[in-house]
Amino acid sequence: MKNQLVVVIGGLSGIGRAVAEQAAAAGARVIAAGRRATPAEWPSHIESAQLDVTDDAAVQRFFAGVGEFDHLVLTAGPVIPSARLADLAPEQAMAAFDVKVFGQLRAVKHAARYLNAGGSVTLTSGLLARKAVPGGLVKSAMNAAVEAMGKTLAKELAPLRVNVVSPGMVETGMWGEMSDAERGAMAQRAGAGLPVGRVGQGSDLAQAYLMIMQNGFMTGAVVDVDGGGLL
Ligand SMILES: NC(=O)c1ccc[n+]([C@@H]2O[C@H](COP(=O)([O-])OP(=O)(O)OC[C@H]3O[C@@H](n4cnc5c(N)ncnc54)[C@H](OP(=O)(O)O)[C@@H]3O)[C@@H](O)[C@H]2O)c1
């Protein structure tokens, strides 16, 4: 990926950080952006920036500052608790949509004019888009919206390529605040129920984003990387 500029929004942790690291290892120049400040022990060869995808003006300014680039990867997503309809707080659901659905939409809208021919956009949904689980209402709706958005944008923005990666259970901060022991136990429990016998790591997911960026024939696809979780 030499001479390619990759921007990863949500790239300061988890799956996005793994994408940033693998793209940089493949020779790309990488800018990783997210809401938090640059984490301690951040790799010096990857540029970092602070950006909140719910701030439309900031998103517009950010891409104007980046200028022309090649690949946009969006992994910004909110941490939201599971809630059944009866316990659902609509404001919390709307705030989550503002990041996961409208955040990705804002980013693509403001980035599109700067993306070079042969470039790509990769959105992120999640397994619950196509799996009904009580308590997963908001996540299901958000992720399904992202997948629908990806397919429409693949036609509207062609020849720019637009794809979606749908992660299953991946061990990241998305699981919320918990101790290492609790995290380990949850990974063990969730992994045991999957055909591959383990939950995913950021690096498992990053391989899919790298493949999509480099495969000029892929557009409008939703790529499941979920250890068989949808089966
Ligand atoms: N891990 C899983 O099991 C799983 C399963 C299905 C789907 N996914 C999806 O995969 C994507 C990546 O999640 P992850 O697992 O890598 O978790 P993660 O490490 O928590 O990554 C999410 C990133 O999004 C950033 N973010 C949140 N709100 C933002 C905002 N308003 N503006 C900019 N950045 C914002 C977070 O930064 P701050 O914390 O600083 O805000 C964080 O760096 C998400 O879309 C998630 O829904 C994950």
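Which residues of α7 are buried? In this predicted model, the buried positions of α7 are Gly202, Leu205, Ala206, Ala208, Tyr209, Leu210, Ile212 and Met213. Buried here stands for a relative accessible area under 20%. The helix itself comprises 13 residues, from 202 to 214. From the first C-alpha to the last, α7 reaches 19 Å, which is close to the 18 Å expected at 1.5 Å a residue. An α-helix has 3.6 residues a turn, so residues three or four places apart point the same way. Both strands and a helix take part in covering the buried residues of α7. The cover includes the strands β1 (5–9), β4 (69–74), β5 (115–124), β6 (161–167) and β7 (222–225), together with helix α1 (14–25).

Helix α1 also appears in the surroundings of the ligand: α1 and α3 (90–100) each supply at least two residues of the shell. There are 27 residues around the ligand, and those that come nearest are Ser13, Ile15, Arg35, Arg36 and Thr172. By residue class, the shell divides into ten nonpolar, 13 polar and four charged residues.

Polar contacts to the ligand involve both side-chain and backbone atoms of the protein. An N or O atom in the side chain of Arg35 lies 2.7 Å from an oxygen atom of the ligand. For Gly14, a polar backbone atom is 3.4 Å from a ligand oxygen, and for Gly168 the distance from a polar backbone atom to a ligand oxygen is 3.3 Å. On its own, the ligand has 870 Å² of accessible area, of which the protein covers 90%.

How values were computed:
Residues numbered from 1 in each chain as written. Predicted model: local features only at pLDDT ≥ 70, side-chain atom pairs only at ≥ 80, totals over all residues. Heavy atoms only, no water. Helix = DSSP H or I, 4+ residues; strand = E, 2+ residues; numbered from the N terminus. Expected span 1.5 Å × (residues − 1). Buried < 20%, exposed > 50% of the residue type's maximum accessible area, 1.4 Å probe, protein only. Contact = heavy atoms within 4.5 Å. Near = heavy atom within 4 Å. Polar contact = N/O pair within 3.5 Å; in protein donor to acceptor, adjacent residues only side chain to side chain. Areas by Shrake-Rupley, 256 points an atom, 1.4 Å probe, with all protein chains shown as cover. Nonpolar A, V, L, I, M, F, W, Y, C, P; charged D, E, K, R; others polar.
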